[in-house]
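I set out to record two topics from one chain: backbone angles and charged side-chain pairs. The entries follow the order in which I looked things up.

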Amino acid sequence: MSNFRPLHDRVVLRRVAAAEKTAGGIIIPETAKEKPVEAVVVAVGPGARDERGQIVPLSVKEGDHVLFGKWSGTEVTIKGEELLIAKESDLFGIVDGAY
């Protein structure tokens, strides 16, 4: 990711792989899987500007696991990898440990 740096309050996300089977052991076919709504933050912008023009740093940092809205962000391919670019406000929160 060293060649791409998001601007303002945008973050670059790498989706966490979807589950291959249900809790009951049923294997989910590829066509029935929904895209995951959990991701790892790959890169962050410097932050948004407040009313006084001061930059407000983002609450997330590279390596954070986050949850985001199903229709959030824009899918892009960078160096052959499918990633998602979203605004920090599209993120619901940071996942701490297992949930």
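The entries below concern a predicted model.

**Entry 1: backbone angles**

I began with phi. Most residues other than glycine have a negative phi. I therefore noted residues that depart from this general rule.

Histidine 8 is one such residue: its phi is positive, at about 50°, although it is not a glycine. I located histidine 8 in the segment before β1, the strand that spans 10-15. Its relative accessibility is 47%, so I entered histidine 8 as partly exposed.

Lysine 79 is also not a glycine, yet has a positive phi of about 55°. I placed lysine 79 in the loop that joins β6 (74-78) to β7 (81-87). Is lysine 79 buried or exposed? With a relative accessible area of 61%, lysine 79 is exposed; the cut-off for that class is over 50%.

**Entry 2: salt bridges**

How many salt bridges does the structure hold? I found five, and I describe three of them here, including the pair of aspartate 9 and lysine 87.

In that pair, the closest N and O atoms are 3.9 Å apart. Which parts of the chain does the pair tie together? Aspartate 9 belongs to the segment before β1 and lysine 87 to strand β7, so the salt bridge connects parts separated by 78 residues in sequence. I then checked accessibility for both partners. Aspartate 9 has a relative accessibility of 15% and therefore counts as buried, since the buried class is defined as under 20%. Lysine 87, at 34%, counts as partly exposed.

Next I examined arginine 15 and glutamate 75, whose side chains meet in a salt bridge at 3.2 Å, N to O. This pair, too, links distant parts of the chain: arginine 15 is in strand β1 and glutamate 75 in strand β6, 60 residues apart. Arginine 15 is partly exposed at 24% relative accessibility. Glutamate 75 is likewise partly exposed, with a relative accessible area of 46%.

Finally, I looked up aspartate 50 and arginine 52, and recorded a salt bridge between their side chains at 3.9 Å, N to O. Arginine 52 has a relative accessibility of 67% and so counts as exposed.

**Entry 3: points to keep**

I keep two positive phi values, at histidine 8 and at lysine 79. For the charged pairs, I keep the link from the segment before β1 to strand β7 and the link from strand β1 to strand β6.

Terms used:
Residues numbered from 1 in each chain as written. Predicted model: local features only at pLDDT ≥ 70, side-chain atom pairs only at ≥ 80, totals over all residues. Heavy atoms only, no water. Helix = DSSP H or I, 4+ residues; strand = E, 2+ residues; numbered from the N terminus. Buried < 20%, exposed > 50% of the residue type's maximum accessible area, 1.4 Å probe, protein only. Salt bridge = Lys/Arg side-chain N within 4 Å of Asp/Glu carboxyl O.
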